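Subject: Structure handover

Hello,

Here is the structure we talked about. Please open it first, then read my notes below.

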Amino acid sequence: MNDLGLFVPGSSPVHRLPAGVKLGALVALGVASILLEGVVAIVIGLIVMLGLFGLAGFTPLLAWRQVKPLRWILLFIAVFQGWARGWEAAVDVVGVIVLLVLAASLVTLTTRTSALVDVIVVALRPLRFLGVKPERVGLLIALGIRAVPIAVGLSAEVRDAQRARGLGPSPRAYAAPLIVKSLRHADAVGEALVARGME
């Protein structure tokens with residue numbers, strides 16, 4: 001099952017909710033998180049979020065995979081907050097971050113990227129008079145979302161090539177080809193956009 005926060009087809013109640021409703025709920029949660037504090041409130045929030053993952057047909061393991069890439073950053077934040085403001089503040093900050101990451105992941109796991117982009121484009125249309133171009137913003141968002149699996153794929157290609165050559169772990173040997181591959185892909189995308197008149 002997808003563990004990158006990308007759409008997973010399904011027919012659950014969460015999948016069937018309109019994209020606008022889910023994005024609105026995510027924004028509301030982000031605003032409400034400012035007021036969320038205390039171990040009990042954080043735990044309740046996480047339990048509710050895991051319940052929503054279950055309602056969507058996802059396992060707790062998939063929820064963990066959404067947070068796992070951030071584990072060292074979260075540990076650093078927890079240690080720093082614990083040292084600077086106390087363990088309760090550390091729990092509040094780390095708990096809110098985890099809660100928001102899970103909420104954002106649930107939205108992207110249960111909503112097609114095209115539907116999310118369409119909602120954002122519609123929401124930005126009133127800002128045309130300020131010079132905002134909703135369609136271009138939507139394109140940028142779509143490209144950004146698409147870049148995640150592409151970057152992971154390029155990373156896997158470099159690792160496989162290293163193993164095939166019998167090379168051990170080396171940050172320099174890993175980073176250099178990954179950067180080159182990423183730049184080539186970016187050039188190809190840029191040329192394709194220019195060819196379509198998107199300058």
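Phe80 and Trp83 sit 3 residues apart in helix α5, which spans residues 71–85. That spacing puts about one helical turn between Phe80 and Trp83. Please keep in mind that this is a predicted model.

The aromatic pairs come to 2 in total. Phe80 and Trp83 make up one of them, and the pair is tilted. The ring centres of Phe80 and Trp83 are 6.0 Å apart, and their planes meet at 50 degrees. Why is this pair called tilted? Stacked needs planes under 30 degrees apart and edge-to-face needs over 60, so an angle of 50 degrees fits neither.

Is Trp83 buried or exposed? Trp83 counts as exposed, because its relative accessibility is 70%. Phe80 has 42% and therefore counts as partly exposed.

Next, a surface feature. Five side chains are worth selecting together: Val40, Ile44, Val48, Leu52 and Leu55. They form a nonpolar patch on the surface. Together these residues have about 440 Å² of accessible area. Val48, one of the patch members, belongs to helix α3, residues 39–55. Its relative accessible area is 48%, so Val48 is partly exposed. The cut-off for patch residues is over 30% relative accessible area, and Val48 at 48% meets that value.

Then look at Asp92. Asp92 is in helix α6, which covers residues 87–110. Which side chain of opposite charge is nearest to Asp92? The nearest is Arg85, 6.2 Å away. Asp92 is buried, yet it has no salt bridge. A salt bridge would need a side-chain nitrogen within 4 Å of a carboxyl oxygen. Leaving aside residues up to four places away in sequence, Asp92 touches Glu37, Gly38, Val39 and Ile42. Of these contacts, Val39 falls within the residue range of helix α3 (residues 39–55).

Last, the chain as a whole. How many helices and strands are there? The chain has 9 helices and 0 strands. Its pattern along the sequence reads α-α-α-α-α-α-α-α-α. The chain holds 199 residues, and 26% of them are buried. Among contacts with a separation of 6 or more, 71% join residues 24 or more positions apart. The accessible surface of the chain is about 12600 Å². Carbon and sulfur atoms account for 70% of that surface.

Best regards

Note on methods: Residues are numbered from 1 along each chain as its sequence is written. This is a predicted model: local features need pLDDT of at least 70, side-chain atom pairs count only at pLDDT 80 or more; totals for chains, interfaces and linings use all residues. Side-chain values use heavy atoms; hydrogens and water are left out. Rings of Phe, Tyr and Trp (its six-membered ring) pair if their centres lie within 6.5 Å; planes under 30 degrees apart count as stacked, over 60 as edge-to-face and the rest as tilted. Helices (H or I, at least four residues) and strands (E, at least two) are DSSP runs, numbered from the N terminus. Buried means under 20% relative accessible area, exposed over 50%, partly exposed in between (1.4 Å probe, protein chains only). Patches are made of residues with over 30% relative accessible area and no salt bridge: like charges are joined within 9 Å, nonpolar side chains (Val, Leu, Ile, Met, Phe, Trp, Tyr) within 5 Å. Accessible areas come from the Shrake-Rupley method with a 1.4 Å probe; for residues, only the protein chains shown count as cover. Lys and Arg count as positive and Asp and Glu as negative; His and the chain ends are not counted. Contact means heavy atoms within 4.5 Å.
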